[in-house]
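Let's take a friendly walk through how some strands come together here. Have the sequence and the 3D view open side by side as you read.

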Amino acid sequence: MLTADQLTAMRLTMTSSLAGTAIIQTQSYQSDGGGGGTVAWTNAGTIPFRIATLTAGDERVAGGRIHPDTEYIGTAPAGSDVITDDAQILYGSQTFAVTAIHAPRTWEVSRRVELKEV
């Protein structure tokens with residue numbers, strides 16, 4: 001069994017290994033007053049972050065069509081506030097849609113998210 005101090009030390013070590021910084025953006029809908037509107041993205045916070053390739057241009061069938069997209073895995077500090085339905089990640093000059101969040105484990109040391117470049 002890990003103690004609270006051991007878990008805190010593991011989280012600090014993990015966070016110090018994250019190579020860069022990401023901006024979390026959340027989505028809101030802005031009505032145009034005539035039944036339509038646009039999606040606007042707002043910066044919601046900055047977190048230490050690292051991205052790695054999950055699949056490199058693999059072709060797979062999803063929704064009845066072939067998807068040759070590259071998928072990525074992002075690592076953030078434990079407990080980071082990333083929500084799939086209305087979040088995207090800015091990392092360097094790239095923008096990524098959050099497609100899944102890996103469920104926290106018994107001792108969450110980092111938060112892992114699956115991403116696709118937008």
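## Strands β5 and β8

Threonine 75 sits across from arginine 112, a residue of β8. This is a predicted model, and in it strand β5 (residues 71-77) pairs with strand β8 (residues 110-117) in the antiparallel sense, with 7 bridges between them.

## From β8 to β7

Follow β8 to another of its partners: β7 pairs with β8 over 5 bridges, again in the antiparallel sense. To find this pairing on screen, look for phenylalanine 96, whose bridge partner in β8 is glutamate 117.

## The β6–β7 hairpin

Strand β7 (residues 94-101) is also joined to β6, by 4 bridges, and the two run antiparallel. One pair to pick out is tyrosine 91 with its bridge partner in β7, glutamine 94.

What do β6 and β7 form, and how many residues lie between them? They form a hairpin, with 2 residues in between. Have a look at glycine 92 in the turn, where phi is positive, at about 65°.

## β6 and its other partner

Strand β6 also has β1 (residues 20-31) as a partner: 5 bridges join the two, which run antiparallel. Here threonine 26 stands opposite alanine 87 of β6.

Is β6 mostly covered or mostly open? Strand β6 (residues 87-91) is mostly covered, with 4 of its 5 residues buried. So much for the covering; as for pairing, β6 is bridged to β1 and to β7.

Methods:
Residues numbered from 1 in each chain as written. Predicted model: local features only at pLDDT ≥ 70, side-chain atom pairs only at ≥ 80, totals over all residues. Heavy atoms only, no water. Buried < 20%, exposed > 50% of the residue type's maximum accessible area, 1.4 Å probe, protein only. Pairing = 2+ DSSP bridges.
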